[in-house]
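Student: I should like a close look at the salt bridges of this structure. Please start from a single residue and carry the account on to whatever else is relevant.

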Amino acid sequence: MLESSFEDSRMQSPVGQSAGDESSLTVEQAIANLRGSDPGLRYYAAWWLGRFRVSTPEAVDALIDSLSDESDRTAEGGYPLRRNAARALGKLGDRRSVPGLIQCLACDDFYVREAAIQSLAMLGDRSCVPALMSFLEDGLAATQPEAGTVQLQQPYGAILEALGVLGATEALPLIEPFLNHPFEILQYAAARAMYELTQDSSYAERLVQALSGDKLPLRRAAMADLGAIGYVPAARAIASTLAENSLKLIALKDILERQIQRDSFPSLSADAIQVMTLMDGLL
Amino acid sequence: MADSRLSLIQAVERADSSPRLIKAVRELAAARWQEAIPTLIAVLSYNNPGAAVAAVDGLVDLGEAAVPALLEQLDQHNYTARSWAIRALAGIGDPRGLVTLLGAATADFSPSVRRAAARGLGMMKWHWFPENLLEIAQEEALEALLFVAEHDEEWVVRYSAVVGLQSLADAIAASHPDWRSQILTYLERAMAHDQSWAVRARSCMAKQYLQEQTVAAASRPEEQASPLSATDWQHILTGLYDRKARERSVLAEGDPRRYQELALSLTSNL
């Protein structure tokens, strides 16, 4: 069932571990596994520490050390353990991991760079902004995929998203050209960042427009972006776009939660009540 | 007329692409035609979420006419079709779906099914129930919803249980003010302690709604008489009985013998 594959995220543990085993590790065991030599156990331990938000200094140290691991390599030269460690560190909120994550931006593995960028955005540390901007400095032409492929050279979506989240207004001139990128998904990422940096609703309205596009994956992406920026005027359009209810509910939840912060809970604004009424209709 | 309806069914059967199938199912659903039920049910097992959503909408619109076929679908071993059928039953609120929804809300594997079932428990057509069965059914729904609201690990399922509790509190306001207070107490706790801010906000909204309603002012929808037969109620009761017997055969309050006595009185009353 397509829909449940999106919402049963708790079932998605790596390396085929069943969901029931998730919490059976102990913190000590996970750290020992991460520092051990079995690649499968190390990979799983890195994911596990992030999943269960184990932010003890020992866990963070072990994950930071894993960012420079050389032993776990894929046939294509990727670094699976580094990817998982970078993802986990974003969830643990310890700024000691920033320098290691910034070093990951120079890693050969696209997915390590992407994970590191996402985690730096989650940590809210602006010191990575110059490095992120350097990825965009060659202009739009340099961002096209190589002829005959769709693989981009850099994780531009994550870069644009991070610059928006980090409030990097100095990057506006570098972000704006992406509004015309041939990949719609990057146009959306740019619109999202532009809105976050300027609060100009015309950028958010571009995402609302995208909800009536004819490709489901793009409608899903626009919905997630609107949720991430908490754009209340999009709520009705999200509720009626053609996509899975479970994903609409997640986007509306994100909008609701932003609105509640503005309302100073437990008072509820008419906007918050409207969003919840729309959510009720999707259950 | 009959020809154009037949062609709507054929359009579903002959659709050779996902967009065509979805369009055909939507058109068939919009016709609100009881003879379309088997086709709409067949769509539930096509493994096409867009078409399944349209079919569920159509079945919910058709209401109780679709219930026997949906219950039959639940006996099949196609998990996906089963989960869509539960969602349709939740939307219809027919008492014949009650036992299925109780089980689905508390134990189904998929959050989207638990979510739909929890909402469905709140939207049950309580006014159809014979008086002596109503209390037991509502008590089961209350217990299941409180359990789900408190323990489900997915925010969206807890959110849905809060929506269900709000409707249930409305339905039992006059007959069981004590249960209504129990629901309000739960909502206050969830407002302060649920892990998810969305669930906290929905609990707050439910509490405000219930506090604004006075028992006397609670408006009743146009009450349509129950179309269910004595055999249907007997089935529902047997289902509740089995559920109770499995869960806690030793608790005095849930003693299944209470149900057996009721079963006897029910058949003689109807």
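Tutor: Glu150(B) has a relative accessible area of 40% and is therefore partly exposed. This value, like every other one here, belongs to a predicted model. Its salt-bridge partner is Arg189(B), with 3.1 Å from N to O. Because Glu150(B) sits in helix H9 (residues 131-151) of chain B and Arg189(B) in helix H11 (residues 177-193) of chain B, the bridge ties together parts that lie 39 residues apart in sequence. Arg189(B), at 41% relative accessibility, also counts as partly exposed.

Chain A offers a salt bridge between Arg220(A) and Glu244(A), whose closest N and O atoms are 2.4 Å apart. This pair, too, links distant parts of the chain: Arg220(A) belongs to helix H13 (residues 216-229) of chain A, and Glu244(A) to the loop between helix H14 (235-240) and helix H15 (245-263) of chain A, with the two positions 24 residues apart. Arg220(A) has a relative accessibility of 17% and so counts as buried. Glu244(A), at 6%, is likewise buried.

Another salt bridge in chain A joins Asp125(A) to Arg95(A), with the closest N and O atoms 3.8 Å apart. Here both partners lie in loops: Asp125(A) between helix H7 (110-123) and helix H8 (129-134) of chain A, and Arg95(A) between helix H5 (80-92) and helix H6 (98-104) of chain A, 30 residues apart. Asp125(A) counts as buried because its relative accessibility is 13%, and the cut-off is under 20%. Chain A also holds a network of salt bridges that links Asp61(A), Asp94(A) and Arg96(A). Over all chains, the search of the whole structure gives 23 salt bridges.

Disulfides are another matter, for the corresponding search over all chains finds zero. Cys128(A) shows why: the closest cysteine sulfur, in Cys104(A), is 12 Å from its own, too far for a bond. Cys128(A) is buried, at 0% relative accessible area. In chain B, Cys204(B) counts as buried at 3% relative accessibility.

Helices H13 and H15 of chain A return in the second largest pocket, which encloses about 1,000 Å³ of space. Its lining comprises 37 residues, and those closest to the pocket centre are Ala243(A), Asn245(A), Gly50(B), Val53(B) and Ala54(B). The elements that contribute two or more residues are helix H1 (2-7), H13 and H15 of chain A, along with helix H2 (18-30), helix H4 (49-62), helix H6 (79-92) and helix H8 (111-122) of chain B. H4(B) gives the most to this lining, namely nine residues. By residue type, the lining consists of 19 nonpolar, eight polar and ten charged residues.

Finally, helix H11 (residues 184-198) of chain A deserves a remark. Its 15 residues reach 21 Å from the first C-alpha to the last, close to the 21 Å expected at 1.5 Å a residue. H11(A) is mostly covered, since twelve of its 15 residues are buried. Among the buried residues of H11(A) are Arg192(A) and Glu196(A), as well as Tyr188(A), Met194(A) and Tyr195(A).

Technical notes
Residues are numbered from 1 along each chain as its sequence is written. Chains are lettered from A and ligands numbered from 1 in the order in which they are written. This is a predicted model: local features need pLDDT of at least 70, side-chain atom pairs count only at pLDDT 80 or more; totals for chains, interfaces and linings use all residues. Side-chain values use heavy atoms; hydrogens and water are left out. A salt bridge is a side-chain nitrogen of Lys or Arg within 4 Å of a carboxyl oxygen of Asp or Glu. Helices (H or I, at least four residues) and strands (E, at least two) are DSSP runs, numbered from the N terminus. Buried means under 20% relative accessible area, exposed over 50%, partly exposed in between (1.4 Å probe, protein chains only). On a 1 Å grid over the protein atoms alone, a cavity is a set of points where a 1.4 Å probe fits but cannot get out, and a pocket is an open set with protein on both sides within 12 Å along at least five of seven lines; lining residues have an atom within 4 Å of a point. Grid points are joined across faces, edges and corners, and a volume is the space filled by probe spheres set on the points. Ala, Val, Leu, Ile, Met, Phe, Trp, Tyr, Cys and Pro count as nonpolar, Asp, Glu, Lys and Arg as charged, and the others, Gly among them, as polar. A disulfide is a pair of cysteine sulfur atoms within 2.5 Å. The expected span of a helix is 1.5 Å times one less than its number of residues.
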